[in-house]
Amino acid sequence: DENTDFKKLKTFYVPDSVLIITGSATKPKYLYATPEADILIGAFVEGMNNAGYVRTADKDDADLGLQISYVEETYRFRYYDNFPWWYGYPWYWSYGYWGNWGGWYWPYNVTYSYTTGSVLAELVDLSDTPSSSKTLRVVWTNYITGLLNGNGSLNTTYVQQAIDQAFAQSTYLKK
């Protein structure tokens, strides 16, 4: 978000898990304390720390919230009037996780598709206490693809290089 003054934002919170995006889940699916989750979370935390932000253990104390998601299988998102792009997607973070997002309107239907093995990361602005009339803004987002080895596992070298590149080309994040 080009209107965000990142110099004023100092702290960030990231959950201890990575949301797995898959169309076949019947309940939420997360990567907790696995090598893949540790690599993804660690690389983003390192990028945020190197950019000058301090990680907090409590999201209520954070200026920014960092959401990391891993696409386990290709999935198509469809957006309809007055719902966020992820509305109805199986087990994506609910409205209340980061606070009240409120509703917003997009004037036409939009469809997104993400490739298996991709990683999505979004920073949301938590610096203002949400109220029923406020909406949390996504102030930075990235989409990284091409992270799988031939055997279908995450290539940790590609993961680190891609996340490093995401921060390198986002110079406005640096304090």
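This is a short tour of the structure, stop by stop.

**Before you start.** The model is predicted, so local features need pLDDT of at least 70 and side-chain atom pairs count only at pLDDT 80 or more, while totals for chains, interfaces and linings use all residues. Residues are numbered from 1 along each chain as its sequence is written, and side-chain values use heavy atoms, with hydrogens and water left out.

**Stop 1: the whole chain.** Show the cartoon. The chain has two helices and nine strands. Helices (H or I, at least four residues) and strands (E, at least two) are DSSP runs, numbered from the N terminus. From that end, the order is β-β-β-α-β-β-β-β-β-β-α. Of the 175 residues, 44% count as buried. Buried means under 20% relative accessible area, exposed over 50%, and partly exposed in between, with a 1.4 Å probe and protein chains only.

**Stop 2: strand β2.** Select residues 17-21, which are β2. Five of its five residues are buried, so β2 is largely enclosed by the rest of the structure. Ser 17, Leu 19 and Ile 21 point one way; Val 18 and Ile 20 point the other way. Now add residues 30-32, strand β3, which pairs with β2 in the antiparallel sense over three bridges. Two strands pair if DSSP finds at least two bridges between them. Ser 17 has Tyr 32 of β3 as its bridge partner. Then add β5, residues 64-71. β5 and β2 pair in the parallel sense, over three bridges. Here the bridge partner of Ile 21 is Val 71.

**Stop 3: Pro 15.** Step back to the loop between β1 (11-13) and β2, where Pro 15 sits. Is Pro 15 buried or exposed? Pro 15 counts as buried, at 3% relative accessibility. Select Gly 65 as well: its C-alpha atom is 8.6 Å from that of Pro 15, though 50 residues separate the two along the chain.

**Stop 4: helix α1.** Select residues 35-50. The 16 residues of α1 should span 22 Å at 1.5 Å a residue, and the end C-alpha atoms are indeed 22 Å apart. The expected span is 1.5 Å times one less than the number of residues. Colour the buried residues of α1, among them Leu 40, Ile 41, Phe 44 and Met 48. An α-helix has 3.6 residues a turn, so residues three or four places apart point the same way. After α1 comes Gly 52, with a positive phi near 105°.

**Stop 5: the largest core.** A nonpolar core is a set of buried Ala, Val, Leu, Ile, Met, Phe, Trp, Tyr and Cys residues joined through side-chain atoms within 4.5 Å. The largest one has 34 residues, and Phe 44, Tyr 53 and Ile 68 have the most contacts inside it. Helix α1 gives the largest share, seven residues. Select Ile 68. Beyond its neighbours within four places in sequence, Ile 68 is in contact (heavy atoms within 4.5 Å) with residues including Val 14, Leu 40, Phe 44 and Val 119.

**Stop 6: the aromatic rings.** The whole structure holds four aromatic pairs. Rings of Phe, Tyr and Trp (its six-membered ring) pair if their centres lie within 6.5 Å; planes under 30 degrees apart count as stacked, over 60 as edge-to-face and the rest as tilted. Select Trp 140 and Phe 167. Their ring centres are 5.1 Å apart and their planes are at 35°, so this pair is tilted. Trp 140 is in strand β9 and Phe 167 in helix α2, 27 residues apart. Trp 140 is buried, at 3% relative accessible area, and Phe 167 is buried too, at 10%. Finally, add Phe 44, which forms one aromatic cluster with Trp 140 and Phe 167.
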